[in-house]
Amino acid sequence: EEQLQLLLHPFDNVPLQLKESLTAADVCLWIDPLDGTKEFVLGNLTNVSVLIGIAVCDRPVAGVILQPFVGGGDVTYGAIGIGVFHNGDKIESDLKVDDKDSRPSSDTTIKIAMSGKHIG
């Protein structure tokens, strides 16, 4: 419930000074409506995704991955300060981030997911 409210009303807890200082030029939204075009054409629908990324002041802050042809639509999303969720369930992680630059600390193991066609 709390994460849903944060997504529906993301600016409710933002300090007034910050709300007034951000402009549309500060926000960048990337949308790839058909990531895996070749896979789509070849009929490999489980390798097709819809990708959305959000950056504020040149820093990535949130993202969504929708796999529309997996199950009833597999969704993974996350945002700084909220966490990462898969089909509504929070993904627990021991990832430690240095708040100064949002980069993982040097003693952290990072797992990266990528499509099967890009491995190797």
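Two strands are said to pair if DSSP finds at least two bridges between them, and the views below apply that idea to a predicted model.

**View 1. The pairing of strands β1, β2 and β3.** Strand β2, residues 49-56, and strand β3, residues 59-67, run antiparallel to each other and are joined over seven bridges. On the other pairing, strand β1, which spans residues 27-35, also meets β2 in the antiparallel sense, again over seven bridges. Leu51 of β2 can be followed through both pairings, since it stands opposite Asp32 and has Ile65 as its bridge partner in β3. The link between β2 and β3 is a hairpin with two residues between the strands, and in this turn Cys57 has a positive phi of about 55 degrees.

**View 2. The whole sheet.** Six strands make up an open sheet with antiparallel pairing, and their order is β1-β2-β3-β4-β5-β6. The edges are formed by β1 and by β6, residues 89-90, each of which pairs on one side only.

**View 3. Asp74 and its surroundings.** Asp74 belongs to strand β4, which covers residues 74-79. With a relative accessibility of 14%, Asp74 counts as buried, because buried means under 20%. Leaving aside residues up to four places away in sequence, Asp74 touches Ile65, Leu66 and Gln67, together with His86 and Asn87.

**View 4. Glu39 in helix α3.** Helix α3, made of residues 37-42, contains Glu39, a residue that counts as buried at 8% relative accessibility. The side chain of Glu39 is joined to the side chain of Asn44 by a polar contact of 2.7 Å.

**View 5. The aromatic pairs.** The structure holds two aromatic pairs. In one of them, Phe40 and Phe69 are tilted, with 6.3 Å from centre to centre and 40 degrees between the planes. Because Phe40 lies in helix α3 whereas Phe69 lies in the loop between β3 and β4, this pair ties together parts that are 29 residues apart in sequence. Both rings belong to residues that count as partly exposed, Phe40 at 37% relative accessibility and Phe69 with a relative accessible area of 39%. The rings of Tyr77 and Phe85 have centres 5.3 Å apart and planes at 15 degrees, and this pair is therefore stacked. Tyr77 is buried, with a relative accessible area of 17%, and Phe85 is likewise buried, with a relative accessible area of 3%.

Methods
Residues are numbered from 1 along each chain as its sequence is written. This is a predicted model: local features need pLDDT of at least 70, side-chain atom pairs count only at pLDDT 80 or more; totals for chains, interfaces and linings use all residues. Side-chain values use heavy atoms; hydrogens and water are left out. Helices (H or I, at least four residues) and strands (E, at least two) are DSSP runs, numbered from the N terminus. Buried means under 20% relative accessible area, exposed over 50%, partly exposed in between (1.4 Å probe, protein chains only). Contact means heavy atoms within 4.5 Å. A polar contact is a pair of N or O atoms within 3.5 Å; within protein, one must be able to donate a hydrogen and the other to accept it, and residues adjacent in sequence count only if both atoms are side-chain atoms. Rings of Phe, Tyr and Trp (its six-membered ring) pair if their centres lie within 6.5 Å; planes under 30 degrees apart count as stacked, over 60 as edge-to-face and the rest as tilted.
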